[in-house]
Amino acid sequence: MNPSAASQAWHPVAPSAEVRAGANIVAGFAQGQELALWRAADGSPQAWENRCPHRSVRFTLGQVTGGDRLACAYHGWQYEAGSGACVRIPAHPAMPAPRNVCAKVFATADAAGMLWVRLEADGPPAPEELADAVPAGWHLARTLTLRVAASEVRGALAQHGFASAATPDAWQGTLGESPVAALLLDAQPQLSFLHLWTDAAPGSDAMARLHLAARQLRSAIEAASSH
Amino acid sequence: MPFVTDDPNMLDDWLVVGPAGGPPRTTRLLGETLHLHTDADGTPHALLGNDALTVQSRYGFLWVCPSGRPARPLFAFPEHEEPGRRLVDCGGLGVAVSGLRVIENFLDMAHFPFVHPDYLGKVPHTEVARYNVEVDAATDEIWATDCRFWQPRASAAHDTGSEVFYKYRVMQPFSAMLYKSSSRPDALDAIGLFLQPVDDEHVIAHTLLACFDDVSTDAELIAFQHTIFGQDKPILENHAFKRMPLEGRAETPTRGDTTSVTYRRWLRERGMRFGTARAAA
(Lines give C-alpha, C1' and ligand atoms only; values in the text may rest on other atoms or scores of the structure.)
Protein backbone atom coordinates (compact mmCIF):
# COMPACT_ATOMS: atom_id res chain seq x y z
CA MET A 1 0.00 0.00 0.00
CA ASN A 2 1.21 3.53 -0.68
CA PRO A 3 1.17 5.98 2.25
CA SER A 4 -2.13 7.63 1.38
CA ALA A 5 -3.81 4.24 1.00
CA ALA A 6 -2.40 3.22 4.39
CA SER A 7 -3.86 6.29 6.06
CA GLN A 8 -7.21 5.54 4.42
CA ALA A 9 -7.36 2.03 5.92
CA TRP A 10 -10.07 1.25 8.46
CA HIS A 11 -8.87 -0.38 11.68
CA PRO A 12 -11.10 -2.55 13.91
CA VAL A 13 -10.11 -0.91 17.20
CA ALA A 14 -12.70 -2.31 19.64
CA PRO A 15 -15.96 -4.22 19.81
CA SER A 16 -18.70 -1.60 19.50
CA ALA A 17 -20.41 -2.75 22.72
CA GLU A 18 -17.31 -2.00 24.82
CA VAL A 19 -17.73 1.73 24.21
CA ARG A 20 -21.02 2.82 25.78
CA ALA A 21 -22.96 5.98 24.95
CA GLY A 22 -22.05 8.92 27.20
CA ALA A 23 -20.22 6.66 29.62
CA ASN A 24 -16.69 5.23 29.41
CA ILE A 25 -13.47 6.05 27.59
CA VAL A 26 -11.57 3.11 26.10
CA ALA A 27 -7.86 3.16 25.22
CA GLY A 28 -7.29 2.07 21.63
CA PHE A 29 -4.38 1.68 19.23
CA ALA A 30 -3.97 1.68 15.48
CA GLN A 31 -0.61 1.56 13.71
CA GLY A 32 1.13 3.02 16.74
CA GLN A 33 -1.37 5.83 17.21
CA GLU A 34 -2.81 5.89 20.74
CA LEU A 35 -6.55 6.58 20.75
CA ALA A 36 -9.21 7.63 23.23
CA LEU A 37 -12.46 5.96 22.16
CA TRP A 38 -15.81 7.13 23.52
CA ARG A 39 -19.39 7.90 22.50
CA ALA A 40 -21.55 10.95 22.81
CA ALA A 41 -24.92 10.52 24.50
CA ASP A 42 -26.54 9.92 21.09
CA GLY A 43 -24.16 6.99 20.53
CA SER A 44 -21.99 8.67 17.89
CA PRO A 45 -18.50 7.15 18.12
CA GLN A 46 -15.43 9.31 18.78
CA ALA A 47 -11.79 8.37 18.20
CA TRP A 48 -9.33 11.03 19.31
CA GLU A 49 -5.60 11.18 19.64
CA ASN A 50 -5.12 10.13 23.27
CA ARG A 51 -3.60 13.43 24.35
CA CYS A 52 -5.02 16.67 25.70
CA PRO A 53 -3.62 19.61 23.68
CA HIS A 54 -2.94 21.55 26.90
CA ARG A 55 -0.37 19.38 28.70
CA SER A 56 -0.41 16.10 26.69
CA VAL A 57 -2.02 14.08 29.48
CA ARG A 58 -3.88 11.06 28.13
CA PHE A 59 -7.58 11.66 27.55
CA THR A 60 -8.32 8.12 28.73
CA LEU A 61 -7.77 9.33 32.33
CA GLY A 62 -10.63 11.81 31.85
CA GLN A 63 -14.36 11.39 31.80
CA VAL A 64 -17.36 11.89 29.58
CA THR A 65 -19.38 14.76 30.94
CA GLY A 66 -22.64 16.45 30.04
CA GLY A 67 -23.38 13.76 27.44
CA ASP A 68 -21.31 15.08 24.59
CA ARG A 69 -18.05 16.33 26.07
CA LEU A 70 -14.82 14.73 27.16
CA ALA A 71 -13.14 16.37 30.18
CA CYS A 72 -9.40 16.02 30.72
CA ALA A 73 -8.41 14.65 34.14
CA TYR A 74 -5.64 17.19 34.71
CA HIS A 75 -7.32 20.61 34.46
CA GLY A 76 -10.88 19.75 33.50
CA TRP A 77 -10.68 21.27 30.00
CA GLN A 78 -13.73 20.11 28.05
CA TYR A 79 -13.81 19.13 24.38
CA GLU A 80 -16.95 18.55 22.34
CA ALA A 81 -17.88 15.40 20.45
CA GLY A 82 -17.55 15.60 16.69
CA SER A 83 -15.18 18.52 16.18
CA GLY A 84 -12.94 17.92 19.20
CA ALA A 85 -12.97 21.67 19.85
CA CYS A 86 -12.19 22.90 23.36
CA VAL A 87 -15.37 24.47 24.73
CA ARG A 88 -14.52 25.13 28.37
CA ILE A 89 -11.43 26.00 30.42
CA PRO A 90 -12.50 25.90 34.09
CA ALA A 91 -9.56 28.04 35.26
CA HIS A 92 -11.16 30.91 33.31
CA PRO A 93 -14.91 30.31 33.43
CA ALA A 94 -15.81 33.68 31.90
CA MET A 95 -13.34 33.45 29.01
CA PRO A 96 -14.55 31.94 25.73
CA ALA A 97 -12.41 28.93 24.92
CA PRO A 98 -9.78 29.80 22.31
CA ARG A 99 -10.65 28.58 18.81
CA ASN A 100 -7.24 27.07 18.14
CA VAL A 101 -7.40 24.49 20.94
CA CYS A 102 -8.71 21.26 19.48
CA ALA A 103 -8.30 17.56 20.08
CA LYS A 104 -7.07 15.65 17.05
CA VAL A 105 -10.02 13.62 15.79
CA PHE A 106 -10.16 10.63 13.47
CA ALA A 107 -12.98 9.16 11.37
CA THR A 108 -15.07 6.37 12.91
CA ALA A 109 -17.65 3.82 11.83
CA ASP A 110 -19.70 1.13 13.57
CA ALA A 111 -19.99 -1.97 11.39
CA ALA A 112 -20.20 -5.73 11.97
CA GLY A 113 -20.24 -5.22 15.75
CA MET A 114 -16.92 -3.42 15.68
CA LEU A 115 -15.81 0.17 16.03
CA TRP A 116 -13.53 1.05 13.10
CA VAL A 117 -11.15 4.00 12.91
CA ARG A 118 -9.41 5.64 9.99
CA LEU A 119 -6.29 7.62 10.94
CA GLU A 120 -7.46 10.60 8.97
CA ALA A 121 -10.45 12.79 9.70
CA ASP A 122 -11.29 13.44 6.06
CA GLY A 123 -12.02 10.96 3.32
CA PRO A 124 -14.82 8.96 1.77
CA PRO A 125 -17.41 7.24 3.99
CA ALA A 126 -16.55 3.81 5.35
CA PRO A 127 -16.89 1.11 2.65
CA GLU A 128 -19.96 -1.08 2.86
CA GLU A 129 -17.74 -4.19 2.91
CA LEU A 130 -16.94 -3.47 6.57
CA ALA A 131 -20.44 -4.71 7.39
CA ASP A 132 -19.57 -8.05 5.77
CA ALA A 133 -16.50 -8.63 7.94
CA VAL A 134 -18.61 -10.68 10.36
CA PRO A 135 -21.75 -12.63 9.34
CA ALA A 136 -24.94 -11.40 10.96
CA GLY A 137 -25.89 -13.09 14.21
CA TRP A 138 -22.36 -14.17 15.18
CA HIS A 139 -20.92 -13.63 18.68
CA LEU A 140 -17.67 -12.14 19.86
CA ALA A 141 -15.66 -15.03 21.33
CA ARG A 142 -12.73 -12.99 22.58
CA THR A 143 -9.98 -10.60 21.54
CA LEU A 144 -6.52 -12.17 21.43
CA THR A 145 -3.55 -9.98 22.28
CA LEU A 146 -0.43 -10.96 20.36
CA ARG A 147 3.00 -9.50 21.03
CA VAL A 148 4.08 -9.72 17.40
CA ALA A 149 3.83 -7.59 14.28
CA ALA A 150 0.56 -7.76 12.34
CA SER A 151 2.45 -9.09 9.31
CA GLU A 152 3.44 -12.18 11.31
CA VAL A 153 -0.17 -12.74 12.36
CA ARG A 154 -1.26 -12.55 8.71
CA GLY A 155 1.30 -15.18 7.76
CA ALA A 156 0.24 -17.46 10.62
CA LEU A 157 -3.46 -17.10 9.80
CA ALA A 158 -2.78 -18.12 6.20
CA GLN A 159 -0.81 -21.14 7.45
CA HIS A 160 -3.75 -22.11 9.66
CA GLY A 161 -6.05 -22.16 6.65
CA PHE A 162 -7.59 -18.72 7.10
CA ALA A 163 -8.43 -16.68 4.03
CA SER A 164 -8.69 -12.94 3.80
CA ALA A 165 -12.17 -11.76 2.95
CA ALA A 166 -13.50 -8.54 1.46
CA THR A 167 -11.75 -6.05 3.73
CA PRO A 168 -7.97 -6.54 3.94
CA ASP A 169 -7.64 -7.69 7.53
CA ALA A 170 -10.89 -9.63 7.97
CA TRP A 171 -10.06 -13.35 7.87
CA GLN A 172 -12.35 -16.39 7.72
CA GLY A 173 -11.38 -19.80 9.00
CA THR A 174 -11.96 -22.45 11.62
CA LEU A 175 -10.87 -22.69 15.27
CA GLY A 176 -11.85 -25.72 17.39
CA GLU A 177 -14.22 -26.87 14.64
CA SER A 178 -16.22 -23.61 14.71
CA PRO A 179 -16.29 -21.12 11.85
CA VAL A 180 -14.49 -17.93 12.84
CA ALA A 181 -14.12 -14.42 11.51
CA ALA A 182 -10.80 -13.00 12.73
CA LEU A 183 -10.43 -9.21 12.52
CA LEU A 184 -6.79 -8.22 12.76
CA LEU A 185 -5.72 -4.90 14.29
CA ASP A 186 -2.20 -3.59 13.68
CA ALA A 187 -1.94 -1.87 17.07
CA GLN A 188 1.77 -1.14 17.45
CA PRO A 189 4.94 -2.34 15.70
CA GLN A 190 5.08 -5.43 17.95
CA LEU A 191 1.47 -5.56 19.17
CA SER A 192 -1.52 -7.00 17.35
CA PHE A 193 -5.09 -7.74 18.35
CA LEU A 194 -7.26 -10.42 16.82
CA HIS A 195 -10.99 -10.01 17.39
CA LEU A 196 -12.51 -13.47 17.05
CA TRP A 197 -16.19 -13.76 16.08
CA THR A 198 -18.02 -17.07 15.66
CA ASP A 199 -21.41 -18.68 15.22
CA ALA A 200 -20.74 -20.92 18.26
CA ALA A 201 -23.17 -20.04 21.05
CA PRO A 202 -21.83 -18.38 24.22
CA GLY A 203 -21.37 -21.00 26.96
CA SER A 204 -21.50 -23.94 24.53
CA ASP A 205 -18.93 -26.75 24.30
CA ALA A 206 -18.08 -25.50 20.81
CA MET A 207 -17.25 -22.07 22.26
CA ALA A 208 -15.03 -23.71 24.90
CA ARG A 209 -13.13 -25.61 22.19
CA LEU A 210 -12.76 -22.41 20.21
CA HIS A 211 -11.23 -20.64 23.23
CA LEU A 212 -8.74 -23.47 23.69
CA ALA A 213 -7.82 -23.39 20.01
CA ALA A 214 -7.43 -19.59 20.15
CA ARG A 215 -4.93 -19.84 23.02
CA GLN A 216 -3.01 -22.49 21.11
CA LEU A 217 -2.99 -20.28 18.04
CA ARG A 218 -1.54 -17.41 20.07
CA SER A 219 1.15 -19.64 21.57
CA ALA A 220 2.08 -20.93 18.13
CA ILE A 221 2.33 -17.44 16.64
CA GLU A 222 4.32 -15.96 19.52
CA ALA A 223 6.63 -18.99 19.67
CA ALA A 224 7.29 -18.81 15.93
CA SER A 225 8.08 -15.11 16.27
CA SER A 226 10.61 -15.55 19.08
CA HIS A 227 12.73 -17.97 17.02
CA MET B 1 31.88 12.44 31.65
CA PRO B 2 30.05 9.17 32.30
CA PHE B 3 26.61 10.64 32.94
CA VAL B 4 23.58 10.19 30.68
CA THR B 5 23.52 13.87 29.70
CA ASP B 6 26.10 16.49 28.76
CA ASP B 7 23.73 19.34 29.59
CA PRO B 8 25.69 21.83 31.74
CA ASN B 9 22.39 22.85 33.32
CA MET B 10 22.60 19.55 35.16
CA LEU B 11 26.33 18.76 35.30
CA ASP B 12 27.39 22.16 36.67
CA ASP B 13 24.61 22.49 39.25
CA TRP B 14 23.92 21.01 42.68
CA LEU B 15 21.66 17.97 42.40
CA VAL B 16 19.95 16.36 45.37
CA VAL B 17 20.79 12.69 45.93
CA GLY B 18 18.78 11.99 49.09
CA PRO B 19 18.74 12.79 52.80
CA ALA B 20 21.95 13.64 54.66
CA GLY B 21 23.46 11.13 57.07
CA GLY B 22 22.26 7.59 57.50
CA PRO B 23 24.09 4.37 56.70
CA PRO B 24 26.16 3.91 53.53
CA ARG B 25 23.93 3.38 50.51
CA THR B 26 23.73 3.54 46.76
CA THR B 27 21.48 5.79 44.72
CA ARG B 28 20.93 6.76 41.09
CA LEU B 29 21.89 10.05 39.44
CA LEU B 30 21.85 10.89 35.72
CA GLY B 31 21.97 7.25 34.69
CA GLU B 32 24.76 6.24 37.08
CA THR B 33 24.90 4.48 40.44
CA LEU B 34 26.55 6.50 43.21
CA HIS B 35 27.85 5.21 46.56
CA LEU B 36 27.11 7.54 49.45
CA HIS B 37 28.50 7.47 52.96
CA THR B 38 29.01 9.95 55.79
CA ASP B 39 31.95 10.18 58.20
CA ALA B 40 31.41 10.29 61.96
CA ASP B 41 32.09 14.05 61.86
CA GLY B 42 29.30 14.48 59.30
CA THR B 43 31.48 14.86 56.19
CA PRO B 44 29.62 13.33 53.22
CA HIS B 45 31.22 11.33 50.42
CA ALA B 46 29.80 10.43 47.03
CA LEU B 47 31.65 7.98 44.81
CA LEU B 48 31.12 7.07 41.19
CA GLY B 49 33.24 3.98 40.77
CA ASN B 50 36.54 5.05 42.34
CA ASP B 51 36.02 8.73 41.61
CA ALA B 52 35.04 11.05 44.44
CA LEU B 53 32.36 13.52 43.36
CA THR B 54 31.88 17.03 44.70
CA VAL B 55 29.24 16.78 47.40
CA GLN B 56 27.85 18.93 50.19
CA SER B 57 25.34 18.43 52.98
CA ARG B 58 22.76 21.21 53.18
CA TYR B 59 19.16 21.60 54.35
CA GLY B 60 19.15 18.00 55.53
CA PHE B 61 20.02 16.64 52.07
CA LEU B 62 23.11 15.67 50.13
CA TRP B 63 23.81 17.65 46.94
CA VAL B 64 26.23 16.51 44.25
CA CYS B 65 27.77 18.61 41.50
CA PRO B 66 28.50 16.01 38.79
CA SER B 67 31.17 18.04 36.93
CA GLY B 68 32.82 19.27 40.14
CA ARG B 69 32.57 22.80 38.68
CA PRO B 70 29.41 24.32 40.19
CA ALA B 71 28.28 27.36 38.21
CA ARG B 72 26.90 28.93 41.38
CA PRO B 73 26.29 28.19 45.04
CA LEU B 74 23.26 26.20 46.19
CA PHE B 75 20.13 28.33 46.55
CA ALA B 76 19.25 30.11 49.80
CA PHE B 77 16.60 28.58 52.04
CA PRO B 78 16.31 30.98 55.00
CA GLU B 79 13.14 29.34 56.35
CA HIS B 80 15.17 26.22 57.06
CA GLU B 81 16.92 27.94 59.97
CA GLU B 82 13.93 29.96 61.16
CA PRO B 83 12.96 29.33 64.80
CA GLY B 84 9.53 27.80 65.35
CA ARG B 85 9.31 25.98 62.03
CA ARG B 86 8.98 22.24 62.00
CA LEU B 87 11.23 20.55 59.46
CA VAL B 88 9.71 17.33 58.18
CA ASP B 89 11.33 15.25 55.45
CA CYS B 90 8.43 13.55 53.66
CA GLY B 91 10.71 11.10 51.90
CA GLY B 92 11.59 10.45 48.28
CA LEU B 93 8.98 9.19 45.83
CA GLY B 94 9.82 7.91 42.36
CA VAL B 95 7.98 9.36 39.38
CA ALA B 96 8.36 8.04 35.83
CA VAL B 97 8.35 11.35 33.96
CA SER B 98 10.71 14.22 33.19
CA GLY B 99 11.39 16.28 36.31
CA LEU B 100 10.45 19.39 34.36
CA ARG B 101 6.86 18.13 34.26
CA VAL B 102 6.94 17.50 38.03
CA ILE B 103 8.11 21.05 38.73
CA GLU B 104 5.48 22.47 36.36
CA ASN B 105 2.79 20.49 38.17
CA PHE B 106 4.07 21.81 41.52
CA LEU B 107 3.74 25.40 40.22
CA ASP B 108 0.20 24.89 38.92
CA MET B 109 -2.98 25.82 40.78
CA ALA B 110 -5.51 25.11 38.01
CA HIS B 111 -5.35 21.34 38.55
CA PHE B 112 -6.27 21.51 42.25
CA PRO B 113 -10.07 20.98 41.89
CA PHE B 114 -9.59 18.11 39.44
CA VAL B 115 -6.58 16.20 40.77
CA HIS B 116 -6.93 17.04 44.47
CA PRO B 117 -10.71 17.33 44.96
CA ASP B 118 -11.79 18.00 48.58
CA TYR B 119 -8.20 18.78 49.55
CA LEU B 120 -6.60 21.56 47.52
CA GLY B 121 -9.66 22.47 45.44
CA LYS B 122 -13.26 21.70 44.67
CA VAL B 123 -15.48 22.27 41.65
CA PRO B 124 -16.99 24.84 41.04
CA HIS B 125 -14.17 26.85 42.68
CA THR B 126 -11.99 26.47 39.59
CA GLU B 127 -11.00 30.00 38.66
CA VAL B 128 -7.34 30.99 38.69
CA ALA B 129 -7.17 34.68 39.47
CA ARG B 130 -4.50 36.89 37.96
CA TYR B 131 -1.13 36.74 39.74
CA ASN B 132 2.36 38.10 39.17
CA VAL B 133 5.38 36.26 37.83
CA GLU B 134 8.88 37.63 37.52
CA VAL B 135 12.46 36.46 37.31
CA ASP B 136 14.61 37.92 40.09
CA ALA B 137 17.54 39.60 38.36
CA ALA B 138 19.93 39.03 41.27
CA THR B 139 19.31 35.31 41.78
CA ASP B 140 17.80 34.29 38.41
CA GLU B 141 15.01 32.63 40.37
CA ILE B 142 11.38 32.65 39.21
CA TRP B 143 8.87 34.08 41.68
CA ALA B 144 5.10 33.85 41.33
CA THR B 145 3.34 36.05 43.86
CA ASP B 146 -0.19 37.16 44.80
CA CYS B 147 -1.50 33.68 44.02
CA ARG B 148 -4.70 32.67 45.74
CA PHE B 149 -7.05 29.74 45.49
CA TRP B 150 -10.07 28.48 47.37
CA GLN B 151 -9.23 25.24 49.14
CA PRO B 152 -11.45 22.82 51.08
CA ARG B 153 -8.56 21.43 53.16
CA ALA B 154 -5.29 23.19 52.50
CA SER B 155 -3.05 21.18 54.85
CA ALA B 156 -3.09 18.60 57.62
CA ALA B 157 -3.81 21.49 60.04
CA HIS B 158 -6.93 22.66 58.14
CA ASP B 159 -10.34 21.07 58.46
CA THR B 160 -12.48 23.74 56.81
CA GLY B 161 -12.36 25.53 53.47
CA SER B 162 -10.56 28.82 53.03
CA GLU B 163 -9.03 31.18 50.51
CA VAL B 164 -5.37 30.24 50.54
CA PHE B 165 -2.47 32.47 49.53
CA TYR B 166 0.51 31.08 47.69
CA LYS B 167 3.92 32.17 46.54
CA TYR B 168 6.02 30.01 44.29
CA ARG B 169 9.73 30.08 43.72
CA VAL B 170 11.87 28.15 41.21
CA MET B 171 15.51 28.02 42.25
CA GLN B 172 16.88 25.45 39.81
CA PRO B 173 15.34 23.56 36.87
CA PHE B 174 14.74 20.67 39.27
CA SER B 175 13.95 22.46 42.54
CA ALA B 176 11.15 24.72 43.67
CA MET B 177 9.51 26.00 46.82
CA LEU B 178 6.00 27.01 47.60
CA TYR B 179 4.88 29.24 50.43
CA LYS B 180 1.25 29.13 51.52
CA SER B 181 -1.05 30.35 54.28
CA SER B 182 -0.27 28.51 57.49
CA SER B 183 -2.04 27.99 60.82
CA ARG B 184 -0.49 31.35 61.85
CA PRO B 185 -2.06 34.45 60.29
CA ASP B 186 1.30 36.25 60.02
CA ALA B 187 3.45 33.50 58.50
CA LEU B 188 3.59 31.20 55.51
CA ASP B 189 4.39 27.50 55.51
CA ALA B 190 7.22 26.55 53.17
CA ILE B 191 7.33 23.34 51.15
CA GLY B 192 10.45 22.43 49.18
CA LEU B 193 10.38 20.07 46.21
CA PHE B 194 13.85 18.83 45.31
CA LEU B 195 14.04 16.43 42.38
CA GLN B 196 16.79 13.89 42.04
CA PRO B 197 17.29 13.31 38.31
CA VAL B 198 17.57 9.57 37.73
CA ASP B 199 17.45 10.02 33.96
CA ASP B 200 15.55 12.11 31.39
CA GLU B 201 12.28 10.38 32.21
CA HIS B 202 12.61 9.43 35.90
CA VAL B 203 13.06 11.40 39.11
CA ILE B 204 12.95 10.81 42.82
CA ALA B 205 10.93 13.65 44.34
CA HIS B 206 12.09 14.74 47.79
CA THR B 207 9.64 16.91 49.72
CA LEU B 208 10.62 18.93 52.79
CA LEU B 209 8.15 20.83 54.97
CA ALA B 210 9.21 23.88 56.94
CA CYS B 211 5.87 24.63 58.53
CA PHE B 212 4.02 25.96 61.54
CA ASP B 213 1.75 23.28 62.98
CA ASP B 214 1.33 22.66 66.71
CA VAL B 215 -1.28 19.96 66.26
CA SER B 216 -0.39 17.37 63.63
CA THR B 217 2.08 14.57 64.21
CA ASP B 218 4.94 14.05 61.76
CA ALA B 219 3.10 10.98 60.48
CA GLU B 220 -0.01 13.06 59.78
CA LEU B 221 1.99 15.74 57.95
CA ILE B 222 3.79 13.12 55.86
CA ALA B 223 0.55 11.23 55.16
CA PHE B 224 -1.08 14.43 53.90
CA GLN B 225 1.81 15.11 51.51
CA HIS B 226 1.79 11.50 50.33
CA THR B 227 -1.96 11.70 49.68
CA ILE B 228 -1.47 14.79 47.54
CA PHE B 229 1.52 13.34 45.74
CA GLY B 230 -0.28 10.05 45.19
CA GLN B 231 -3.00 11.99 43.36
CA ASP B 232 -0.46 13.78 41.14
CA LYS B 233 1.63 10.70 40.30
CA PRO B 234 -0.80 8.91 37.94
CA ILE B 235 -1.41 12.16 36.07
CA LEU B 236 2.32 12.88 35.81
CA GLU B 237 3.04 9.37 34.55
CA ASN B 238 0.38 9.67 31.84
CA HIS B 239 1.80 12.45 29.76
CA ALA B 240 1.72 11.12 26.19
CA PHE B 241 5.36 12.13 25.98
CA LYS B 242 7.28 12.06 29.21
CA ARG B 243 9.71 14.84 28.25
CA MET B 244 8.63 18.47 28.19
CA PRO B 245 8.46 20.26 24.84
CA LEU B 246 10.03 23.71 25.09
CA GLU B 247 9.55 24.62 21.43
CA GLY B 248 6.71 24.39 18.97
CA ARG B 249 2.99 24.25 19.48
CA ALA B 250 2.54 20.69 20.73
CA GLU B 251 1.07 22.04 23.98
CA THR B 252 -1.16 25.08 24.38
CA PRO B 253 -1.07 27.24 27.52
CA THR B 254 -3.88 29.46 28.72
CA ARG B 255 -3.98 32.70 30.70
CA GLY B 256 -3.55 31.14 34.14
CA ASP B 257 -0.45 29.24 33.01
CA THR B 258 1.80 32.29 33.35
CA THR B 259 4.12 30.54 35.79
CA SER B 260 4.46 27.56 33.47
CA VAL B 261 5.03 29.79 30.44
CA THR B 262 7.74 31.67 32.36
CA TYR B 263 9.31 28.42 33.55
CA ARG B 264 9.46 27.00 30.01
CA ARG B 265 10.92 30.26 28.65
CA TRP B 266 13.46 30.35 31.51
CA LEU B 267 14.47 26.78 30.64
CA ARG B 268 14.68 27.62 26.92
CA GLU B 269 16.85 30.68 27.57
CA ARG B 270 19.35 28.61 29.51
CA GLY B 271 19.46 26.02 26.71
CA MET B 272 17.92 23.25 28.78
CA ARG B 273 18.11 19.89 27.02
CA PHE B 274 17.88 17.35 29.83
CA GLY B 275 14.28 16.14 30.25
CA THR B 276 13.05 18.05 27.20
CA ALA B 277 11.37 16.81 24.04
CA ARG B 278 12.64 17.93 20.66
CA ALA B 279 10.13 19.88 18.65
CA ALA B 280 8.31 17.86 16.02
CA ALA B 281 9.79 18.44 12.59
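1. A good place to start is B:V115, which counts as buried because 24 C-beta neighbours lie inside 10 Å, and 20 or more are needed for that label. Please keep in mind while reading that this is a predicted model. B:V115 sits in helix α3 of chain B, which runs over residues 112–115.

2. What is B:V115 in contact with, once its neighbours within four places in sequence are left aside? The partners are A:Y74, B:Q231, B:D232 and B:I235. B:M272, for its part, is 157 residues away from B:V115 in sequence, and their C-alpha atoms are 28 Å apart in space.

3. The contact with A:Y74 leads us on to the two chains. Across their interface, 21 residues of chain A are in contact with 19 residues of chain B. The side that chain A offers to chain B is made up of 11 nonpolar, 6 polar and 4 charged residues.

4. Now for chain B itself. Its domain assignment gives domain 1 as 8–65 and domain 2 as 85–277. Between the C-alpha centres of domain 1 of chain B and domain 2 of chain B there are 25 Å. Domain 1 of chain B puts 15 residues into the contact, and domain 2 of chain B puts in 16 residues.

5. Which elements supply at least two residues each to the side of domain 1 of chain B that touches domain 2 of chain B? They are α1 (8–11), β1 (15–19) and β2 (25–29) of chain B. The largest share of that side, 5 residues, comes from β1(B). Sorted by class, this side of domain 1 of chain B holds 9 nonpolar, 4 polar and 2 charged residues.

6. Back in chain A, helix α3 (residues 205–226) deserves a look. Its 22 residues should span 32 Å at 1.5 Å a residue, and the end C-alpha atoms are indeed 32 Å apart, so the two values agree.

7. Where do the buried residues of α3(A), namely A:L210, A:A214, A:L217 and A:I221, lie around the axis? They cover an arc of only 65°, so they are on the same side of α3(A). In general, an α-helix has 3.6 residues a turn, so residues three or four places apart point the same way.

8. The buried residues of α3(A) pack against β11 (139–146), α2 (150–159), β13 (170–175), β14 (178–188) and β15 (191–198) of chain A. On the other side of α3(A), the exposed residues include A:D205, A:R215, A:Q216 and A:S226. A:A208 and A:L212 are also among the residues exposed there.

Methods:
Residues are numbered from 1 along each chain as its sequence is written. Chains are lettered from A and ligands numbered from 1 in the order in which they are written. This is a predicted model: local features need pLDDT of at least 70, side-chain atom pairs count only at pLDDT 80 or more; totals for chains, interfaces and linings use all residues. Two residues are in contact if their C-beta atoms, placed from the backbone, lie within 7 Å. Ala, Val, Leu, Ile, Met, Phe, Trp, Tyr, Cys and Pro count as nonpolar, Asp, Glu, Lys and Arg as charged, and the others, Gly among them, as polar. Domain bounds come from an automatic or database domain assignment. Helices (H or I, at least four residues) and strands (E, at least two) are DSSP runs, numbered from the N terminus. A residue is buried if 20 or more other C-beta atoms lie within 10 Å of its own, exposed if 12 or fewer, and partly exposed in between; C-beta atoms are placed from the backbone. The expected span of a helix is 1.5 Å times one less than its number of residues. The arc is that of the directions from the helix axis to the C-beta atoms.
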